[in-house]
Amino acid sequence: MSDLPKVALVTGGSRGIGRVVAERLAADGFAVYLTYVSRPEEAEKVVGAIEAKGGQAKAFQLDSGDREAIAAFFKDEIKGKVSLEVLVNNAGITRDGLMMRMKDEDWDKVIEINLTGCFAFLKESSKIMGKQRRGRIVNITSIVGQMGNAGQANYCAAKAGLIGLTKSAARELAGRGITVNAVAPGFIETDMTAELPEKVVESMLAQIPLKSLGQSEDIAAAVAFLAGPGAGYITGQVLGVNGGMYM
Ligand code: NAP
């Protein structure tokens, strides 16, 4: 084992689920590198919160849609500088609308950020982790990638694609000691779901056996488990954290 800092890289770690995942992995002893795109002040708040508890964190403005910038980030900040132990592919967006009226750019943007961006991070991470012969990758997919959802064809296609990517990468990377799993949140209370109309939330709750929306902490606990010592023999799995909404 090297003396380099043991880093967990969390994309979209400045808000919502990613923020809580970043804080949890820092509490578990990782130096956390988090990415964001538009709100540096939010990212710096997360860094400050982690440091206030004695942890280590750095924030990087890095658009998941910019593959050249992602490659440069790995070359400049990761390769030879840290030991990359964990990648959490969390950054994600929605551009909802019924399929018949969906704009091509809304389809393209969601696939670009939610699927192609994950591929770019996974590809770069796998080169580094492959050399280390050790690593954990957790992709944040969604319950709607498993079930489908009217008005989210782009998002569901990207999230279902991410499950296929997870399983293929798990098979390719297992021989190098790297596990690749997905966590599929149900409906979690974040900025992303705060936009949903009251009626939609009520109809969601009616479909959730555990009768409440999930919290970011529920997702962070699942990610921490898959990144932790107890999950070394688990790969290619999709762990649903959804209150029983999809079984
Ligand atoms: P959120 O509150 O909207 O936060 C999104 C995070 O991703 C922010 O940190 C944002 O950074 C970052 N981000 C967005 N676009 C980016 C880009 N192009 N490059 C880099 N970072 C980018 O979302 P959330 O609800 O926490 O969702 C996190 C993940 O869980 C997503 O993949 C989402 O699809 C998935 N998920 C969420 C739910 C749910 O109910 N909330 C359910 C299932 C799955 P900025 O602040 O800089 O924009």
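# A guided tour from Tyr155 to the nonpolar cores

Begin by selecting Tyr155, where UniProt, in an unreviewed entry, places the feature "active site". The model on display is a predicted one. Tyr155 belongs to helix H6, which comprises residues 153–173. With a relative accessibility of 9%, Tyr155 counts as buried, because the limit for that class is under 20%. Next, display the surroundings of this residue. Beyond its neighbours within four places in sequence, Tyr155 is in contact with Ile93, Thr94, Val110, Asn114, Ser142, Val144 and Met192.

Now select Met147, which is placed in helix H5, residues 143–147. Is Met147 buried or partly exposed? Its relative accessible area is 41%, so Met147 is partly exposed. Add Tyr246 to the selection: 99 residues separate it from Met147 along the chain, yet the C-alpha atoms of the two are 7.6 Å apart.

**Helix H3**

Proceed to helix H3, residues 67–78, and mark its two end C-alpha atoms. They lie 16 Å apart, which agrees with the 16 Å that 12 residues should span at 1.5 Å a residue. Within H3, select Ile70, Phe73, Phe74 and Ile78, which are buried. These residues cover an arc of only 95° around the axis, and therefore sit on the same side of H3. Rotate the view to the face turned away from this buried side; there H3 carries the exposed residues Glu68 and Lys75.

What covers the buried residues of H3? The covering elements include strands E1 (6–10), E2 (31–36), E3 (57–61) and E4 (83–89), together with helix H4 (104–132). Just after H3, select Gly80, which takes a positive phi of about 75°.

**Aromatic rings**

Show the aromatic side chains next. How many aromatic pairs does the structure hold? There are 4. One of them joins Tyr33 and Phe60 in a tilted arrangement, 5.0 Å from centre to centre and with 55° between the planes. Tyr33 lies in strand E2 and Phe60 in strand E3, so this pair ties together parts that are 27 residues apart in sequence. Tyr33 is buried, at a relative accessible area of 8%, and Phe60 also counts as buried, at 12% relative accessibility.

Return to H3 for the rings of Phe73 and Phe74. Their centres are 5.5 Å apart and their planes stand at 90°, so the pair is edge-to-face. Both Phe73 and Phe74 are buried. To see the wider arrangement, add Phe121: ring pairs link Tyr33, Phe60, Phe73, Phe74 and Phe121 into a cluster.

**The nonpolar cores**

In soluble globular proteins, nonpolar side chains tend to be buried together. The largest nonpolar core here has 32 residues, and Val21, Leu25, Val32, Val88, Val183, Ile219 and Val223 touch the most other members. Colour the contributing elements: E1, helix H1 (16–27), E2, helix H2 (40–52), E4, strand E5 (135–140) and helix H9 (216–227) each supply at least two residues of this core. Which element gives the most to this core? It is H9, with 7 residues.

Select Val21 for a closer view. Residues up to four places away in sequence aside, Val21 touches Val10, Val88, Ala220 and Val223. As a last stop, select Val7, Leu162, Ala170 and Val180, which are among the 27 residues of a second, separate core.

Note on methods: Residues numbered from 1 in each chain as written. Predicted model: local features only at pLDDT ≥ 70, side-chain atom pairs only at ≥ 80, totals over all residues. Heavy atoms only, no water. Helix = DSSP H or I, 4+ residues; strand = E, 2+ residues; numbered from the N terminus. Buried < 20%, exposed > 50% of the residue type's maximum accessible area, 1.4 Å probe, protein only. Expected span 1.5 Å × (residues − 1). Arc of directions from axis to C-beta. Contact = heavy atoms within 4.5 Å. Phe/Tyr/Trp six-rings, centres within 6.5 Å; stacked < 30°, edge-to-face > 60°. UniProt positions renumbered as here; feature names shortened; annotations may be inferred. Core = buried A, V, L, I, M, F, W, Y, C linked by side-chain atoms within 4.5 Å.
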